[in-house]
Amino acid sequence: MISKTYLRYIWLLDTINQSRFPLTYDHIVRIWESSPYAYMGGLPIRTFHEHRKGIEEMFGVIIECDKSKGYTYYIKNPEVLEKNTYAQLLLRKYSVPQDFSTFSMMRDRILLEEIPHGTAYFDSIVESMRRNTELIIDYQRYEGQLETLTMQPYSMRVYNRRWYVLGYIKEKEVIRHLALERFLYLHTTSNKFEFPKDFNPRKYYDNVVGIYVDENCLTLKKGGRGRRRRSRG
């Protein structure tokens, strides 16, 4: 399941984006209290501003306050949200109708789908990518083999309704996809790594069929190690 924190981010982003009129903080709180996510707790002002900051860091979307219109909140750069395919995916999957006061009575008949699969360590991986820090992963391969890997996470993507992490595996000196649903344990570290300046995830996936990459079309250099093998986890 996706974490409660990210559900709150998505709810707040969707609420402000879909509103037909300017919303003050008090308006937003009232909408939250009648939403299906209200069971997660309240929305105090400090948490609200932390969510604004988290949304900007995660999606690049700025929720700005317009003091000239009674301290109302709006999306300052809607073009960024429109172009962010990851944000659009989450909004499609997890946003719910805002006027949903009868939700509690219909809870057993309105089912919120929890996909893509394998999101238990989602928050930690996103934070690690943001800070460029290494991960220690206990990973079970498709063949059943267990291994402990040190990964420098580069990017994430959804394929066939499953999350995959792409990164450099230090033990194998290879860039590889790992399926999140096969993580048995994840430990975040403070060990920094340098994200390759010549690595562009979008260009990387230009050579992808599913999650397989055509090695003949790719070259990636980092730290003098030259070209690396690319394979599926």
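Which residue takes a positive phi in the hairpin of β4 and β5? Let's walk toward that hairpin strand by strand, keeping in mind that this is a predicted model.

A good place to start is strand β4, which covers residues 133-140. On one side β4 pairs with β8, residues 183-192, in the antiparallel sense, and 6 bridges link the two strands. To find this pairing in the structure, look for T133, which stands opposite K192 in β8. Strand β4 also pairs with β5, again in the antiparallel sense and over 6 bridges. Here a handy landmark is I136, whose bridge partner in β5 is T150.

Now we can return to the opening question. Between the two strands of the β4 and β5 hairpin there are 5 residues, and G144 is the residue there with a positive phi, near 100°. That residue is a glycine, and it helps to know the general background: most residues other than glycine have a negative phi.

With that in mind, two further residues deserve a look. N132 has a phi near 55°, a positive value although the residue is not a glycine. You will find N132 in the loop between α6 and β4. How exposed is N132? Its relative accessible area is 23%, so N132 counts as partly exposed. The other residue is Y71, which is not a glycine either and has a positive phi near 55°. Y71 sits in the loop that runs between β2 (63-66) and β3 (72-75). With a relative accessible area of 51%, Y71 is exposed.

Helix α6 and strand β5 turn up again when we move on to the empty space in the model. Rolling a probe the size of a water molecule over the atoms shows where such space is left. The largest pocket has a volume of about 940 Å³. Its lining is made of 27 residues, and those nearest the centre of the pocket are M58, N84, Y86, M129 and M156.

Which elements supply at least two residues each to this lining? They are the helices α1 (4-18), α3 (45-59), α5 (85-94), α6 (122-131) and α7 (201-204), together with strand β5 (146-159). The largest share comes from α6, with 6 residues. Sorted by class, the lining of the largest pocket holds 15 nonpolar, 7 charged and 5 polar residues.

So the tour ends with β5 in two roles: a partner of β4 in an antiparallel pairing, and a contributor to the lining of the largest pocket.

Key: Residues are numbered from 1 along each chain as its sequence is written. This is a predicted model: local features need pLDDT of at least 70, side-chain atom pairs count only at pLDDT 80 or more; totals for chains, interfaces and linings use all residues. Side-chain values use heavy atoms; hydrogens and water are left out. On a 1 Å grid over the protein atoms alone, a cavity is a set of points where a 1.4 Å probe fits but cannot get out, and a pocket is an open set with protein on both sides within 12 Å along at least five of seven lines; lining residues have an atom within 4 Å of a point. Grid points are joined across faces, edges and corners, and a volume is the space filled by probe spheres set on the points. Helices (H or I, at least four residues) and strands (E, at least two) are DSSP runs, numbered from the N terminus. Ala, Val, Leu, Ile, Met, Phe, Trp, Tyr, Cys and Pro count as nonpolar, Asp, Glu, Lys and Arg as charged, and the others, Gly among them, as polar. Two strands pair if DSSP finds at least two bridges between them. Buried means under 20% relative accessible area, exposed over 50%, partly exposed in between (1.4 Å probe, protein chains only).
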